[in-house]
Amino acid sequence: LTIKNLVKWARVKGLNLLGTGDFTHPVWFEEIKSLKEKDGLYYYEDFPFVITGEISFIYTQGGRGRRIHLNFLIPNIEIAEKIHAYLDSLGRRDYDGRPIFGISCQEFTKKMKEISEDIEIIPAHIWTPYFGVFGSMSGFDSLKEAFGEQIERIHAIETGISSDPEMNWRIKELIDRNISIVSFSDAHSFWPYRLGREATIFKKTDSYKGLIEQIRNNDFIGTIETDPAYGKYHWDGHRDCKFSCSSNETKKLNGICPVCKKKLVIGVENRVEVLSENPLGFKPNTAKMFFSILPLHEIISLNCGTGVNSKKVWNIYNPLIENFGNEFEVLLNISKEEFSQRNIDD
């Protein structure tokens with residue numbers, strides 16, 4: 001994984017802005033520092049990055065263990081180095097791209113805002129059972145419960161692969177607080193079937209400030225999502241037992257796994273239902289457009305009945321990119337007639 005490869009495959013995917021990811025890791029940070037800065041964005045040749053990272057917190061609050069992942073966006077290298085100094089006072093950050101610390105979301109948010117008000121903190125994949133802020137196994141029932149007096153400094157949440165905006169519109173707190181519903185995808189792999197599986201569509205901006213203003217004011221265009229059922233935590237179940245089911249089936253089973261006879265892990269769909277105050281189908285006035293798609297590699301793989309990284313899949317994928325420019329163009333914009341004009345087989 002290199003910055004050069006990330007840029008190469010971002011262009012194949014159709015992305016034109018990436019988060020660096022993992023800026024807390026010393027080796028990766030040295031690579032980030034090689035980029036050229038302009039107005040808070042960092043460029044490899046003409047391709048922009050924003051400095052980003054993800055961090056894990058494992059702590060106790062209200063007599064219950066919590067495990068939460070937060071994303072954060074950073075305005076510049078100097079602020080990043082101040083964050084490093086703070087994290088180094090808590091423990092190690094050199095062993096993983098997503099380091100773990102034993103402080104609360106509230107304490108972390110307060111400290112980040114003391115370092116710089118320009119740091120943006122976004123709860124990551126908020127519904128996943130183990131590390132989502134609303135997760136069934138270790139999360140909270142509200143952002144207020146998680147962030148306390150720092151709640152006014154939280155402007156957005158990230159859907160995660162197992163949820164989409166429609167599911168999040170059902171949470172009254174998110175609507176009442178005009179929380180932005182954004183969507184990102186881990187940049188831990190440069191392949192286009194991993195990179196940009198989900199994305200946020202921003203209005204054109206050439207600055208970190210412009211990007212953050214869109215997030216804070218809920219003023220971006222929309223998001224690109226995968227179908228929530230694609231996410232491994234969408235339904236209830238047990239991975240080791242190779243069992244999953246809908247929330248209705250969980251009720252019939254009294255919450256017990258039929259394989260191992262232990263309590264099922266409650267997934268995203270069920271958890272949304274538990275916390276929802278708005279009805280199914282509710283759409284707020286602030287709702288953004290979103291597109292629900294699968295990565296093109298996945299679609300070709302399913303059609304061919306072969307592995308996602310197989311030669312057969314690449315032999316179909318590459319001509320599509322050569323003909324139409326990038327993957328998002330193929331998935332979102334190209335009509336059946338245009339495919340026919342290029343002699344692309346249905």
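Two strands count as paired if DSSP finds at least two bridges between them. The model used in these exercises is predicted.

**Exercise 1. Trace the pairing from β2 through β3 to β4.**
Which residues stand opposite each other, and which residues take a positive phi in the hairpins?

*Solution.*
Step 1. Start with β2, residues 36–38. Three bridges join β2 to β3, and the two strands run antiparallel. The cut-off is at least two bridges, so β2 and β3 pair.
Step 2. Find the facing residues. E37 stands opposite Y42 of β3.
Step 3. Look at the turn. The hairpin of β2 and β3 has two residues between the strands, and D39 there has a positive phi near 55°.
Step 4. Go on to β4. β3 and β4 are also antiparallel, joined by three bridges. Y42 has F49 as its bridge partner in β4.
Step 5. Look at the second turn. The hairpin of β3 and β4 has two residues between the strands, and E45 takes a positive phi near 55°.

**Exercise 2. Compare the settings of E45 and K242.**
Are E45 and K242 buried or exposed?

*Solution.*
Step 1. Recall the background. Most residues other than glycine have a negative phi.
Step 2. Check the angles. E45 is not a glycine, yet its phi is positive, about 55°. K242 is likewise a residue other than glycine, with a positive phi near 55°.
Step 3. Place them. E45 sits in the loop between β3 and β4. K242 sits in the loop between β12 (236–238) and β13 (243–245).
Step 4. Apply the cut-off of over 50%. E45 has a relative accessible area of 62%, so E45 is exposed. K242 has 77%, so K242 is exposed.

**Exercise 3. Account for the surroundings of K13.**
Is K13 buried or exposed, and what does K13 touch?

*Solution.*
Step 1. Place the residue. K13 belongs to helix α1, which covers residues 3–13.
Step 2. Check accessibility. The relative accessibility of K13 is 1%; the cut-off is under 20%, so K13 is buried. The other buried residues of α1 include W9, A10 and V12.
Step 3. List contacts. Leaving out residues up to four places away in sequence, K13 touches P192, L195, G196, R197, P295, N326, E327 and F328.
Step 4. Pick out the polar ones. The K13 side chain reaches the backbone oxygen of L195 at 3.5 Å. A polar contact of 2.9 Å links the side chains of K13 and E327.
Step 5. Add the sequence view. K13 and N318 are 305 residues apart along the chain, but their C-alpha atoms are separated by 11 Å.
Step 6. Widen to the helix. The buried residues of α1 pack against β1 (18–19), α2, β3, β4, α12 (311–324) and α13 (327–333). Just after α1, G14 has a positive phi of about 110°.

**Exercise 4. Describe helix α3 and its place in the core.**
How many residues has α3, and what do its buried residues pack against?

*Solution.*
Step 1. Size the helix. α3 (residues 77–88) has 12 residues and reaches 16 Å from first C-alpha to last, close to the 16 Å expected.
Step 2. Check the N-terminal end. N76 caps α3 there, with a side-chain oxygen 3.2 Å from the backbone nitrogen of E78.
Step 3. Find the inward residues. I77, I79, A80, I83, H84, Y86 and L87 are the buried residues of α3. They pack against α2 (26–32), β3 (41–44), β4 (47–61), β5 (64–74), β6 (100–101) and α4 (105–115).
Step 4. Connect to the core. The largest nonpolar core has 78 residues, and I83 is among those with the most contacts inside it, along with F72, F108 and L143. Apart from that core lies another, of 12 residues, including L41 and I212.

**Exercise 5. Judge the overall fold.**
What radius of gyration does the protein chain have, and what would a compact globule give?

*Solution.*
Step 1. Count elements. The protein chain has 14 helices and 14 strands.
Step 2. Compare radii. A compact globule of 346 residues would be near 20 Å; the chain has 21 Å, which agrees.
Step 3. Add the dimensions. The C-alpha trace spans about 60 × 55 × 40 Å along its principal axes.
Step 4. Check burial. Buried residues make up 54% of the 346.
Step 5. Check contact range. Of the contacts with a separation of 6 or more, 68% join residues 24 or more positions apart.

Technical notes:
Residues numbered from 1 in each chain as written. Predicted model: local features only at pLDDT ≥ 70, side-chain atom pairs only at ≥ 80, totals over all residues. Heavy atoms only, no water. Helix = DSSP H or I, 4+ residues; strand = E, 2+ residues; numbered from the N terminus. Expected span 1.5 Å × (residues − 1). Buried < 20%, exposed > 50% of the residue type's maximum accessible area, 1.4 Å probe, protein only. Contact = heavy atoms within 4.5 Å. Polar contact = N/O pair within 3.5 Å; in protein donor to acceptor, adjacent residues only side chain to side chain. Core = buried A, V, L, I, M, F, W, Y, C linked by side-chain atoms within 4.5 Å. Rg over C-alpha atoms; globule rule 2.2 N^0.38 Å.
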